[in-house]
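Got the viewer open? Grab the selection tool and follow along, one stop at a time.

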Amino acid sequence: MPNRRSIFLAVSLAAFACFAPAILGSQSSSSKDNPKAKPNTDTATQNAADQPMWDPLRAEKDLEVGQYYMKKGDVDAAIDRFQDATTAKPGYAIPFRFLGEAQEKKGLKKQAIKSYQRYLDLYPHAEDGDKVSKKIEKLYKEVEKEKK
């Protein structure tokens with residue numbers, strides 16, 4: 001009977017075999033033989049350098065440091081760290097809530113509304129969803145009041 005380690009290894013190798021050509025970029029034999037031949041222009045590999053690197057551990061560290069900055073009163077530094085967390089782990093809702101709080105504290109109401117809304121979009125059944133919705137409504141009213 002295979003153990004957990006051998007199953008993990010088999011699954012990892014299978015995943016690597018599936019994605020290796022896209023990750024490593026495959027060249028046709030004609031481009032290897034002919035240096036003037038146009039290299040493979042796979043858009044996934046071309047845009048890989050433009051995309052932020054998915055790093056959930058960095059995202060967690062950014063959240064931790066951002067919360068530290070908030071406690072110390074350095075809202076600008078906190079906003080930077082929370083924004084870094086949103087790019088390090090796209091689709092993770094928590095950084096957007098903290099980002100909204102920091103933006104709200106700094107008076108960036110429109111950005112706070114967007115951050116809070118993104119939080120609710122990513123985490124529609126959040127325990128604090130009602131509280132965040134009320135914050136959005138309050139901020140929206142304040143923005144409308146400022147326009148007048």
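## Stop one: Lys-109 and its partners

Select Lys-109 and show what surrounds it: with neighbours within four places in sequence left aside, Lys-109 is in contact with Leu-139, Glu-142, Val-143 and Glu-146. Keep in mind as you click around that this is a predicted model. Now put a distance label between the side chains of Lys-109 and Glu-146, which make a polar contact at 2.6 Å.

## Stop two: along helix 7

Widen the selection to residues 109-122, and you have helix 7, the one that holds Lys-109. Helix 7 has 14 residues and reaches 20 Å from its first C-alpha to its last, close to the 20 Å expected at 1.5 Å a residue.

Which residues of helix 7 are buried? Colour Lys-109, Ala-112, Ile-113, Ser-115, Tyr-116, Tyr-119 and Leu-120, since these are the buried ones. Then turn the view to look down the axis of helix 7: the buried residues fall within an arc of 165°, so they line one face of the helix. As a reminder, an α-helix has 3.6 residues a turn, so residues three or four places apart point the same way.

What do those buried residues pack against? Show helix 6 (94-106) and helix 8 (129-147), and you'll see the packing partners of helix 7's buried residues. Next, flip to the face of helix 7 turned away from its buried side, where you'll find the exposed residues Lys-110 and Lys-114.

## Stop three: across to Val-143

Hop over to helix 8 and pick Val-143. Is Val-143 buried or exposed? Its relative accessible area is 7%, so Val-143 counts as buried. Not counting residues up to four places away in sequence, Val-143 touches Lys-109, Lys-110 and Ile-113. Try a C-alpha to C-alpha distance from Val-143 to Lys-110: you should get 7.2 Å, for two residues that sit 33 residues apart along the chain.

## Stop four: Thr-86

For the last stop, go to helix 5 (residues 75-88) and select Thr-86. With a relative accessibility of 13%, Thr-86 counts as buried, because the cut-off is under 20%. Where does its side chain go? Follow the side chain of Thr-86 to the backbone oxygen of Gln-83, which it reaches at 2.6 Å. Finally, add Pro-95 and Phe-96 to the display: Thr-86 touches both, not counting residues up to four places away in sequence.

Definitions and conventions
Residues are numbered from 1 along each chain as its sequence is written. This is a predicted model: local features need pLDDT of at least 70, side-chain atom pairs count only at pLDDT 80 or more; totals for chains, interfaces and linings use all residues. Side-chain values use heavy atoms; hydrogens and water are left out. Helices (H or I, at least four residues) and strands (E, at least two) are DSSP runs, numbered from the N terminus. A polar contact is a pair of N or O atoms within 3.5 Å; within protein, one must be able to donate a hydrogen and the other to accept it, and residues adjacent in sequence count only if both atoms are side-chain atoms. Contact means heavy atoms within 4.5 Å. The expected span of a helix is 1.5 Å times one less than its number of residues. Buried means under 20% relative accessible area, exposed over 50%, partly exposed in between (1.4 Å probe, protein chains only). The arc is that of the directions from the helix axis to the C-beta atoms.
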